[in-house]
Amino acid sequence: MTPQPPENQDKDRSGQGDGDAARAGSGQGEGPGAGPGAASGTGSGAASGAGPGAASGTGPGAAPGSGGRWSDLERPPLNATALRRALLRSGSLWTGVDVVSSTGSTNTDLTARAAEGLAEGAVLVAEEQSAARGRLDRRWSAPPRSGLFFSFYLTPRVPVERWGWLPLLAGVATASAVARTAGVDTALKWPNDLLVTVGDEERKAGGILAERAGDGVVIGIGLNVTLRAEELPVPGAGSLALAGAEVTDRDPLLRAVLRSVEDWYGQWTAAGGDAAACRLQDAYAAGCATLGRSVRAELPGDQALLGEAVAIDGDGRLVLATEEGMQRPVDAGDIVHVRPAG
């Protein structure tokens with residue numbers, strides 16, 4: 001179900017190159033999840049402000065309080081210098097990479113900076129978030145350094161009505177990068193969730209939130225990397241480690257995701273935001289676990305729509321075939337998988 005990456009993406013699966021080598025192999029921890037949601041002002045939706053839902057920062061593996069940078073040796077800090085060296089190059093989309101030990105929400109921080117004027121390609125990464133948020137202001141927290149919690153700022157030079165594809169683009173880019181780098185099969189739940197398989201169960205391991213800010217969009221991505229089974233906040237949560245990841249070193253994972261975003265974003269903007277022309281629409285559909293399933297769409301205004309998810313249309317909306325024989329596009333709402341595909 002993993003979306004196919006574009007041809008020229010990096011291959012970081014070994015976790016080596018462009019900085020430090022992979023520090024943790026398979027079996028180094030376990031992990032969480034949260035709900036989907038619509039992106040504020042960007043069309044199709046999103047999830048957590050910098051990640052999926054997660055456990056409180058007081059569970060096993062979490063440093064007492066915040067602790068020092070090396071208080072949990074199984075969860076080492078990110079190497080900011082190596083990340084900048086690998087990502088900030090001539091002609092790159094990325095113009096700055098800041099890593100902070102803790103913040104309320106990376107999305108909130110970048111949105112505030114965008115209001116004051118911010119260059120496209122600014123990236124903010126937090127080792128821990130205390131006020132991360134998702135759809136309907138859902139809150140969550142995770143142990144320090146148990147995942148990737150980051151946001152970046154984009155100013156797409158394409159018609160604004162096509163900006164709704166940005167959270168879906170981020171989903172395709174993240175899913176393909178994680179599959180290639182960590183060796184974990186991934187799938188996408190429309191519109192904003194990244195799913196992995198733990199045992200024989202599909203679980204959420206990541207989420208995306210897109211928000212209009214300044215002249216562009218702030219996109220937050222959260223990925224549970226080493227969250228352990230005892231740290232899961234809900235039964236439907238997961239992490240890369242729980243899914244048997246070959247690599248749980250967050251440095252190569254973050255590099256791979258950002259390079260994948262850059263590659264897809266370049267193709268999408270070159271096509272004027274036409275998701276069909278740049279193959280983004282096909283890639284999302286190929287990796288979408290929602291298609292082919294009976295689903296319940298919980299819509300704004302306490303309404304619900306039942307049907308089979310049959311397509312992703314040109315605007316990134318989920319198309320449902322209802323029992324009445326109608327095809328209804330859904331552009332925002334919580335999607336519940338009623339039965340497995342097939």
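The following questions and answers go through confidence, a helix, cysteines and salt bridges in a predicted model.

Residues are numbered from 1 along each chain as its sequence is written. In this predicted model local features need pLDDT of at least 70, side-chain atom pairs count only at pLDDT 80 or more, totals for chains, interfaces and linings use all residues, and side-chain values use heavy atoms, with hydrogens and water left out.

User: What share of the residues score at least 70 in pLDDT?
Analyst: The pLDDT is the predictor's confidence in each residue, from 0 to 100. The protein averages a pLDDT of 82, and the share of residues that score at least 70 is 75%.

User: How many contacts beyond four places in sequence does the model have for residues 53–67?
Analyst: A contact means heavy atoms within 4.5 Å. Where pLDDT is low, the predicted coordinates should not be read in detail. Over residues 53–67 the pLDDT stays under 50, and the number of contacts that the model has for them beyond four places in sequence is 47.

User: Which residue with a positive phi follows helix 3?
Analyst: Helices (DSSP runs of H or I, at least four residues) and strands (runs of E, at least two) are numbered from the N terminus. Helix 3 covers residues 166–182 and reaches 23 Å from its first C-alpha to its last, close to the 24 Å expected at 1.5 Å a residue, where the expected span is 1.5 Å times one less than the number of residues. In this helix 17 of 17 residues are buried, which means under 20% relative accessible area, with exposed over 50% and partly exposed in between (1.4 Å probe, protein chains only). The residue that follows helix 3, with a phi near 70 degrees, is Gly183.

User: How many disulfides does the count come to?
Analyst: A disulfide is a pair of cysteine sulfur atoms within 2.5 Å. Cys278 is buried at a relative accessible area of 5%, and Cys288 is buried at 2%. By the distance rule, the count of disulfides comes to zero.

User: How many residues apart in sequence are the parts that Glu127 and Arg250 tie together?
Analyst: A salt bridge is a side-chain nitrogen of Lys or Arg within 4 Å of a carboxyl oxygen of Asp or Glu, and the count comes to 13 salt bridges. One of them joins the side chains of Glu127 and Arg250 at 2.8 Å, N to O, and both residues are buried. Glu127 lies in the loop between strand 2 (122–126) and strand 3 (132–133), whereas Arg250 is in helix 4 (residues 250–270), so the parts they tie together are apart in sequence by 123 residues.

User: Is Glu201, the salt-bridge partner of Arg203, buried or partly exposed?
Analyst: The closest N and O atoms of Arg203 and Glu201 are 3.4 Å apart. Arg203 counts as buried at 15% relative accessibility. Glu201, at 34%, counts as partly exposed.

User: Which residue meets the side chain of Arg293 in a salt bridge?
Analyst: Arg293 is placed in the loop between helix 5 (280–287) and strand 10 (294–299), and counts as buried at 10% relative accessibility. Its side chain reaches the backbone oxygen of Ala289 at 3.3 Å, which fits a polar contact (N or O atoms within 3.5 Å; within protein, one must be able to donate a hydrogen and the other to accept it, and residues adjacent in sequence count only if both atoms are side-chain atoms). The residue that meets the side chain of Arg293 in a salt bridge, at 3.0 Å from N to O, is Glu202.
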